[in-house]
Structures are given as structure tokens and as C-alpha cells.
Amino acid sequence: MSGDRRLDLLREVLDHEVVDSEGIGCGMVDDLEFRVTEQGLVVTALLVGPGAWVPRLPALFAVMAGKVFGRQRVRVPWHHVVKVGEVIRLDATAPSLGLGVLDRKAGRWLARLPGS
Amino acid sequence: MGQFAEIFLGILTAMGGFVEIGELTFTLKAGSHFSYQLLWVIALATVGIMVYCEMAGRVAAVRKRAVFSLIRERDGFRLALLTLVAATVVNLLTCTAEIGGVAMLWQLLSDWPYRGLAALAVAFFLLVVWFLPFSGIERTFGLGGLLMIVFMAAALKGSPDWGQLAAGFVPRAPQLEGPRDGLLYAYFAVALMSSVMLPYETYFYASGGIEDQWKPSDVGLNRIVVFVGFALGSLLAVALIVLGADYFGPRSIEPELPGTAALGVSATFGQVGLVMALLGMFFAFAGAAIETALSSAYNLAQFAGWPWGKARKPREAGRFTLAWIVTFVLAGAFIQTGVNPVDVVEYSIVFSVVVLPLTYFPVLMVAGDKRIMGKHANGWLANALGWSYLVAITLTALAAIPLFLLTHGGRG
Amino acid sequence: MRTPADRHRQALAQGVVLIVLLFASAAAAFAVSQRPSGRDEVRNCVSDLRSQAAELDVMLAQSSQGRITSRFLLAHARQLGDDIVASHGELVGMTVEPPFLQLRDAAVPLAGQLVAAVAPVQERDPPPASRDQARRSFQGLLAIEASAGR
């Protein structure tokens, strides 16, 4: 991502839709990963998946949801982010980044039925 | 297809899809018990659903994103999740009731056993939503619902007292049989408000706009379809109250079953009217079952960022497709437990009004947000109406459960 | 800095609160349901039966005029009949506060009459007696309902 402008991570990135290079939705930004540097906190990756959003629930539900949904999450390094606008655009396809796995699995399962 | 034809079909579809089993039950009962005195609630609630559907449709046309996509962005994860859970529970309950209603109607037409028909209904819905494109589904059930016009004809044939009818549109202190009746009147007002303003209508309408690929230039079309279509649809609701007041009230019948409603039509129009009424109700209930199931899937997929839409092939929107399939299956399973669809509708209406402020607040905020909508953000009228209704439905939401308990579940 | 141990403690606390609330609601609901029925509950049940009786009468009248199909008559009699049996069961099974026992006991035989009236309608060729039974049930129940007042 090029160009310099102030980015309000909470308002413009967190909980926004993630779209891959082909324009297909591949999840929401469920959490952000930071690194501590001398300049302060630097965002290093987007986190997508139950492992990322389950901890954001109130404690009781976090424990229960963790058991149901698991702790799996995908780490999308920040350099894949092309544009932060209406949606967060990435420079690669979802499969190459490990996103949308369950959706493709569901799609393959449904493809067995006629008319899919 | 020409713009005029588009608008015309859109209006008819909105009109035919206005009534579902909850509205049917409550309007007939309200008319039977309180005559024309609750007509003003229909008018008030209709304007309310117009306001919110217009907003949601405008958001879809301008930002090409459905409302729920934007709720999580705007309101944050936890509030959006709470809204999702609330909306999904209401959708599931409503879908259950509509499937039960369809099974009852098929039983009235064929005299086949109810349980088997309920299972058949689920299979029917799964096949229809799987194979038909979005516009085909919308049009078929919307236009089929227009058969409900036979209820309007029956109401007119009964020569209603037009003076009294007009007076019913002005809210005033009702004529009551006693203090307990006052509570029942309030309960019916709340229930009627809720059944007209069921949130799935708004969310489905907006997602449908994306499916139909609306553009900012379609904002005007959206307005016409919403205002005219819903106004005409509300006339059906008015006709049901009139039928309740003029046919069922004098005969001391409080209609609970869809078959009872049909008796109000067959009285005037015989067997032809009977079949039209049953078919009209079938299309109306079936349309609602499909809309609530798809609405659940839309909401969930938009909240989670999954690819969604009937515009995509099922295999390209895997989890979205599974979501509506699961909704139908769960609703169908619930009906198989033998639960009475009319009871389910009662609970879904009460629960819906309690969460109504939660489901409508984000719509108002998103449509009014200049950062999101630019020049298409709410004008002063939309904001004034939107906020007034939000206050009204919040008060209604607070009163709903106390009234439900005090009237022994809406019986008096 | 919140450790997993902190989270688990929080979850436990929230869980306890939730369970207490659920238990309290369930206990309250149970207590309310065990209360003997007052005048309103009895009257509501009688009203349901009265409406069902009136509907049966109207349906049979329309059938004799040929306004409804025989399939509809059978099927709707089944659906209405289920409701009637349910209302009858509710009336008989109520624990009623002593002042209103008389009210309930007056309605029970009428409810039974209604059940008997709808049963044959669910078979082919309902006997004409059903309509008279339905009408007598209706009138009796209407009177009881009126005496219960509002």
C-alpha cells in the first residue's frame, strides 16, 4: 500500500469487509496485529477467523464460542493490503492467502447437487 | 424491461407480499374484537415500514452494500452480533410459523395429513429457492399474493360503515367493555405495529436491491415502489380488519386459523372465493417463509463477510447457501414437534417488537451518515420520521412484554 | 494485562450470574403457572370455546349452502377440532380459585357438547344434529362468558 495518509484503524479497517484481488469477499477484519517499535505501535497484519474474533466477546461467551468455533485464524500480512476504502482490498486471491477455506469446502460439497 | 413495467411489477410485488400469517391473524382478531378502532395502527405502522424500507433501499442503491454489511462497520462487533442474533431468532420463528401456515393451507385444499404436508412444504421451499433465480422467486410469490384481493372484495361486499371506518383512522379513546379491555386494546395495537414492521422486510428488501443491481439512479424508483406498493398492501390489512369487524365480530368469532379467514370470503363468493382466498394466503405465507429464510442467510453472510447472493451460483456462495438451507430445515423440524403455528406467530411478533429498536437503529444511522451516503444521506424529513418512529417503537418495545403478560398472552 | 486465568475467572462469574438469572426466571414462571386460575383465565378459555362453537355453526351453515368444498369442510373441521379439544382440555384441567369454580363447572358440559359436535364433522357425511349441538353450545358459552363480565 502506497501513499501517506492518516488511517483510523478502528474506524476504517477493523470490522470492515476484506475483498481479494478478484473482488470476492473473504471475511471481515476480525482483529489487528501490532508490533512495538521505537515509533510506537505499527500494524503488521490483519487477523481473520474465530481465533481473532472469539476473544472479543464477553468472557463467558468467549469461552463457549471458543469450544464451538475453535481457535483457527488466518494472518494476512499488512503488505497485501492494496486499498483501504469501502472495503479492504488485497493484492492476492483468497485461496493463496488461506482465506475462505470453509466457503470453498461448502461450495465443493454443494457442487455434488444438480443445479449448483 | 421498460422502467414503467419495472415500477409496476415492483409495486404489485410489494403489495402482494405485505401480508403474512401474523398480520392475518392479528388484523382479523383486532377487527372482530374492536371493530374499526385499530385502523389507525395499520396506517401508522405502514408509514413506519415505508420510512425504513426506503432508507435501506437507498443505502443499497447508493453504496451497493446491504444494510447488515454496514452495521458491523458502524456499530462494532458486539452490538452487530447482538443485532444478528436477535434478527435471526425472529426470522427463524417467523419462518416456522409461515411453514406451518402453508401446511395448514395445503391441508385445507387437499385434506392430506398435516405433518406430511409440512415436510413437503420444506422440500418445496428448498427446491424453489435452489433452482429459481431471485427475481423469479420475488415475482412469483409477490404476484401470487395478489389473490388476497378477494379479501378486499369480500370486505367491500359487506357494505362497511364508511363514516365509522374513516373515524377508525384517527387515534382516539376506544369504546371498551371494561378496564381489562383497555389492556387488550393496547396489546393489539402493539402486535399490529409489530406484524406490519417485521424487520426481515427491511433487510430482505435491501439485499434484494443488491441482487437486482440497483444504482444511485434507482433511488427514485425505490421510493415509488415502497410508497405505492406498501400503501396498496396496507389496504389488504385494512380489508382484513374490516372483514373481522363486519363478518366475524357480529358472529362472535375470533379468527385464529387460516381456514377461518377463508370462511369470511366463501360467505360472499362461495367455493371460487374460498379457493382464491386459500391460494392467496398460500402465496403470501410462502413468500414470507422464503423471505425470512433468505433474510437469515443474508444477515449472517453480510455480518461474517462471506460471498453471498442468489445472483451467485450455490457453489460460489457456499456458506450463504447452507445458511438458508439450514434455516428451512430447522424451521421445518420445529413444526414437526407439533407446535401450533398460530402460537409461534404470537411469540415471534412479541419478540420481534422487543428487538425492533435494535434492528432498526442501525438502518437509521447508516442511511443518515453523510460519510457513507454523501448527498443521498437522509434529508430532514427522513431523519425526522426515522427518529420519531425509533422513539415510538422503543416505547412499544418496552410495553410489549408487560402487556403480553397482563392480557394472559393476548387473550384478555 | 489480562491473563487466561483472569478470563476464566470472569467467564465463571458471568456464568454464575447467568445461571442465577435463568433459575430465578424459571422459578418465577413456575410459581405463576401453579397459581390457581382466576376469573380472567376461566373467562378466556370460555371465550375461546364460544368462538370455536360459533365458527363450527357458521362452517356447517356454509357447507349446507354449498359455499365450501367438502374437502375444506373435513380438513377445517380437523383443524378446528384440534383447537376445540385443546380448549376443552385446558378448561377441564384448570385449578380454579374457589369463587370461580361454579363458572368453570357450568362451562365444562357445554365444552364437551362442542367436542361431540365437531367429531362427526371430521368424517364424511356429518349428521345434521351437529349444527344444533354447536349452536346450543355457543349460546350456553356466550351466556357464561357474559356472566363472567370484564
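This tour moves through chains A, B and C of a predicted model, stopping at a sheet, a helix, two domains and two interfaces.

**Before selecting anything**

The model as a whole scores ipTM 0.93 and pTM 0.94. If the viewer can colour by pLDDT, apply that colouring to chain C, which averages 90, with 97% of its residues at 70 or above. Among the elements of chain C, helix α3 (residues 70-93) has the highest mean pLDDT, 95. The lowest mean, 89, belongs to helix α1 (residues 4-34) of chain C.

**Stop 1: the sheet of chain A**

Select strands β2, β1, β7 and β6 of chain A, which form an open sheet in that order, with mixed pairing. Now pick out β2 (25-28) and β6 (81-84) of chain A at the edges: each has a single partner strand, so one side of each is left without a neighbour in the sheet. From one strand to the next, the twist averages 25 degrees.

Next, show the backbone of strand β1 (residues 17-19) of chain A beside β2(A). These two strands pair in the antiparallel sense over two bridges. Select E17(A) and look across to β2(A), where its bridge partner is M28(A).

**Stop 2: a helix of chain B**

Select residues 77-110 of chain B, which make up helix α5, with 34 residues. From the first C-alpha to the last, α5(B) reaches 48 Å, close to the 50 Å expected at 1.5 Å a residue. Then step on to D111(B), which follows α5(B) and has a positive phi, near 60 degrees.

**Stop 3: the two domains of chain C**

Colour chain C by domain, with residues 1-34 as domain 1 and residues 37-148 as domain 2. The centres of domain 1 and domain 2 of chain C, taken over C-alpha atoms, are separated by 45 Å.

**Stop 4: chain C against chain B**

Display chains B and C together. Here 24 residues of chain C are in contact with 26 residues of chain B. On the side of chain C that touches chain B, the elements giving two or more residues are α2 (39-64) and α3 of chain C. Select α2(C) to see the element that gives the most to this side, with eleven residues. By residue class, the side of chain C that touches chain B divides into nine nonpolar, seven polar and eight charged residues.

**Stop 5: chain A against chain C**

Finally, display chains A and C, where five residues of chain A are in contact with six residues of chain C. The side of chain A that touches chain C consists of five nonpolar residues, with no polar and no charged residues.

Notes:
Residues numbered from 1 in each chain as written. Chains lettered and ligands numbered in written order. Predicted model: local features only at pLDDT ≥ 70, side-chain atom pairs only at ≥ 80, totals over all residues. pLDDT = per-residue confidence, 0-100. Helix = DSSP H or I, 4+ residues; strand = E, 2+ residues; numbered from the N terminus. Contact = placed C-beta atoms within 7 Å. Nonpolar A, V, L, I, M, F, W, Y, C, P; charged D, E, K, R; others polar. Expected span 1.5 Å × (residues − 1). Domains from an automatic or database assignment. Pairing = 2+ DSSP bridges. Axes fitted to C-alpha atoms, helices over the stretch in contact; angles between N-to-C directions.
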